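Me: Walk me through this model, please. I'll keep asking until I have a decent picture of how everything is arranged.

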Amino acid sequence: GSMVCVFSAVMLHLYGHLLDVGISSVTAALILSCAGLFAALGKPVVGYLSDYFGARITIWLALFCQCGALLIFSTTTLTSLSFAAACLYGFGYSGMSPLRTFAISTAIGSRSFATATGVIRFVELPFVLAASPIAGLIYDRTGSYQLAFLILAGLMAVAALGPLFIPAGGRKARHERKQQLQQS
């Protein structure tokens, strides 16, 4: 839910933030496109990583990438670092949909998957609806998106606690379980 919440706020306000720090409108649009490109290209990589390492580690990687990108966005005025942050953010975001599905199925199983997905969407809805207006309000009060992006980065860091409640999963864990069963 944090990834959805943060994504909606970042994508709505990132362009304005980039303009505010002195990046041209054309370059700001290219930076956003770069984030989108890495979000698309990262999906097979994230899929492979989640199959191999499991949901927990891969979600941490995605959260770390997004958190790091938000910290860079909130502190830089350099175009090159903004492009790097966009690539990092896009790659981190690329895992949101497949990792959500994988985490729910790993934690809950296929039997209650649909119910769990529906409940999660319902619980996260207020946060998703509030994130963008709060970021806008922070901008209106401070004249900068820096604090908003720092808060969003903090939200991603807090979200890193979530994977602790997910079984490790992945090919590596399945292989270890299989070996344990064979030895028994």
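**Aromatics, helices and the core**

Me: Which residues form one aromatic cluster?
Reply: Rings of Phe, Tyr and Trp (its six-membered ring) are paired if their centres lie within 6.5 Å; planes under 30 degrees apart are stacked, over 60 edge-to-face, and the rest tilted. The cluster is made up of Phe73, Tyr139, Tyr145 and Phe149.

Me: Before we go on, what pLDDT do local features need here?
Reply: Residues are numbered from 1 along each chain as its sequence is written, and side-chain values use heavy atoms, with hydrogens and water left out. This is a predicted model, so to speak with cut-offs attached: totals for chains, interfaces and linings use all residues, side-chain atom pairs count only at pLDDT 80 or more, and local features need pLDDT of at least 70.

Me: Back to the rings. Tyr145 and Phe149 form an aromatic pair, but how many degrees lie between the planes?
Reply: The whole structure has six aromatic pairs. In this one, Tyr145 and Phe149 sit 6.1 Å apart, centre to centre, and the pair counts as stacked, with an angle between the planes of 25°.

Me: Is Tyr145 buried or exposed?
Reply: Buried means under 20% relative accessible area, exposed means over 50%, and partly exposed is in between (1.4 Å probe, protein chains only). Its partner Phe149 comes out at 0% and is buried. Tyr145 has a relative accessibility of 9%, so it also counts as buried.

Me: What pattern does the protein follow along the sequence?
Reply: Helices (H or I, at least four residues) and strands (E, at least two) are DSSP runs, numbered from the N terminus. On that basis there are eight helices and zero strands. Reading along the sequence then gives α-α-α-α-α-α-α-α.

Me: Which element gives the largest share of the largest nonpolar core?
Reply: A nonpolar core is a set of buried Ala, Val, Leu, Ile, Met, Phe, Trp, Tyr and Cys residues joined through side-chain atoms within 4.5 Å. The largest one has 44 residues, and Leu70, Phe73 and Tyr89 have the most contacts inside it. Elements that give it two or more residues are H1, H2 (25–53), H3, H4 (79–94), H5 (96–108), H6 and H7 (146–159). Nine residues, the largest share, come from H3.

Me: Leaving aside neighbours within four places in sequence, which residues is Leu70 in contact with?
Reply: Contact means heavy atoms within 4.5 Å. With those sequence neighbours set aside, the partners of Leu70 are Val6, Val10, Tyr89, Phe149, Leu152, Ala153 and Met156.

Me: Where does H1 bend?
Reply: H1 covers residues 2–20 and reaches 25 Å from first C-alpha to last, close to the expected 27 Å; the expected span is 1.5 Å times one less than the number of residues. A bend is the angle between axes fitted to the seven residues ending at a residue and the seven starting there. Among the buried residues of H1 are Val6, Val10, His13 and His17. The bend, about 45°, is at His13.

Me: And H6, where does its kink lie?
Reply: H6 has 30 residues and reaches 42 Å from its first C-alpha to its last, close to the 44 Å expected. Its buried residues include Ala116, Thr117, Ala131 and Ile138. After H6 comes Gly143, with a positive phi near 80°. The kink is about 40° and comes shortly before the proline Pro126, at Glu124.

Me: Over in H3, how far is the backbone nitrogen of Ser50 from a polar atom of the Thr58 side chain?
Reply: Thr58 belongs to H3 (residues 55–75), and a relative accessible area of 2% is why it counts as buried. Apart from neighbours within four places, its contacts are Val46, Leu49, Ser50, Phe53 and Leu99. The distance from the Ser50 backbone nitrogen to that side-chain atom is 3.4 Å.

Me: Is Phe53 buried or partly exposed?
Reply: Phe53 lies in H2. Its C-alpha is 16 Å from that of Ile104, with their positions 51 residues apart in sequence. At 32% relative accessibility, Phe53 is partly exposed.

Me: Last one: what percentage of the protein's residues count as buried?
Reply: The C-alpha trace spans about 65 × 30 × 20 Å along its principal axes. Of the contacts with a separation of 6 or more, 77% are between residues 24 or more positions apart. Out of 184 residues, the buried fraction is 39%.

Methods
Polar contact = N/O pair within 3.5 Å; in protein donor to acceptor, adjacent residues only side chain to side chain.
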